[in-house]
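Reader: Hi, can we go through this one together? I'd like to start with the sheet.

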Amino acid sequence: MLNIAKVYDAAKVLGEIARKTDLILSKTLLEGHEIYLKSENLQLTGSFKLRGAYYKISKLTEEQKKKGIIACSAGNHAQGVALAAQKNNIKATIFIPATAPISKVEATRKYGADIKLIDGVYDDAYKAACEFQKETNGEFIHPFDDEDVIAGQGTIGLEILEQMPDLDAVIVPIGGGGLISGVAYAIKQLNPNCKVYGVQAQGAGSMYQSFKQKKILELPVHTFADGTAVKRPGDLTFELCRKYVDDIVTVTDDEVASAILALMERQKLVAEGAGALSVAAAMFGKLPIEGKKTACIVSGGNIDVNILSRVINRGLLTTGRLCHLTIELLDKPGQLKDVSTIIAEYGANVIRVRHNQGGENTDINDCFLKISLETRNAAHFEEIQQALIAKGYRITSNVQ
């Protein structure tokens, strides 16, 4: 059974492979709050998953190792298993959803694992891996619902309390629940007064709903935070969450995108969607952390560069820094100059302009001016709109 001695044993084993990641004080992410970032995005393989996978594999017997290991993953657990298998000269076959970022798939392949891409999400890859395990009798390395894996993730809780003994709260991302189970267990054993909060993507909230309804539920998933896109929490992780987690909340994909952008701009840290869940919960006031020393676990940084540009764009829109205006006006010389002058006076930057003549439901002399702006925030955008309205311009649509 899981016990604190097992977590300390995991810490000892992981001393030979895992990094002791920094707990970084952030003075800019949330004004008036004392927020610390546990930078597991800087872990070897770019995610905390290495900890649980490596510790689990270290516990296998020689006979089990000879049979080979099997795993399923959205990408981060895959890399941890593949690296551990490489270090121990074990054959690894890993099932990954076809929707996983290419960067995660290729990184896993480079560690020498045999990759099987499966249509669907994590749960579909899990079913395929289980069928393969029955055929080959290999050793299955579960990504979250396993005591050794949970103990390995729990070493993060030990490190956080070693780095900040008087911590008041820790916020933990949740997919299947392996990370929060280990962290919550370790922290509650050593500092029961420290609150442990979980956070899921709104579009992948199986643990959230299960926790609230006190029974395990299976739900559809739809989120770009692929590392937490799990339809059903684990049996063991659900019970550990019920016992040791104080509360679980959800955040939207837009809020996660804003958190990724904030981490890049203000902390110079790159986080994937799943990795930024904890920061999103703090930034958007989802939890009672005002006046408390709070650690946010940034659980991974393996974001695909093809997704990153879209995430940044969405983050800019969500925070009101990238805005779009459509203005109806008379098609005559000087109109664009006058509009641009007003925008410039308020310190915004025009990045795109499109001029369209009016349609069948407008006057013959009317036209539409579509403008994309860089602004400071939503309040700044509202000031500009009010200034244009005061000058007699009619705004037909606005997006921030």
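Reader: In what order do the six strands of the open sheet come?

Author: The order is β1-β2-β10-β7-β8-β9, with mixed pairing. Strands are DSSP runs of E, at least two residues, and helices are runs of H or I, at least four, numbered from the N terminus. Two strands pair if DSSP finds at least two bridges between them.

Reader: Which are the edge strands?

Author: β1 (23–26) and β9 (247–251), each pairing on one side only.

Reader: Is this a predicted model or what?

Author: Predicted: local features need pLDDT of at least 70, side-chain atom pairs count only at pLDDT 80 or more, and totals for chains, interfaces and linings use all residues. Residues are numbered from 1 along each chain as its sequence is written, and side-chain values use heavy atoms, leaving out hydrogens and water.

Reader: Back to strands. Do β7 and β8 run parallel or antiparallel?

Author: Parallel. Five bridges join β7 (residues 169–173) to β8 (residues 195–201). Alanine 169 stands opposite lysine 195 in β8.

Reader: New topic. How many disulfides are there?

Author: Zero. A disulfide here is a pair of cysteine sulfur atoms within 2.5 Å.

Reader: Why is cysteine 241 not bonded?

Author: Because its closest cysteine sulfur, in cysteine 194, is 15 Å away, too far for a bond. Cysteine 241 is also buried, at 0% relative accessibility. Buried means under 20% relative accessible area, exposed over 50%, partly exposed in between (1.4 Å probe, protein chains only).

Reader: And what about cysteine 296?

Author: Its sulfur is 12 Å from the closest one, also in cysteine 194, so too far for a bond. Cysteine 296 is buried, at 1%.
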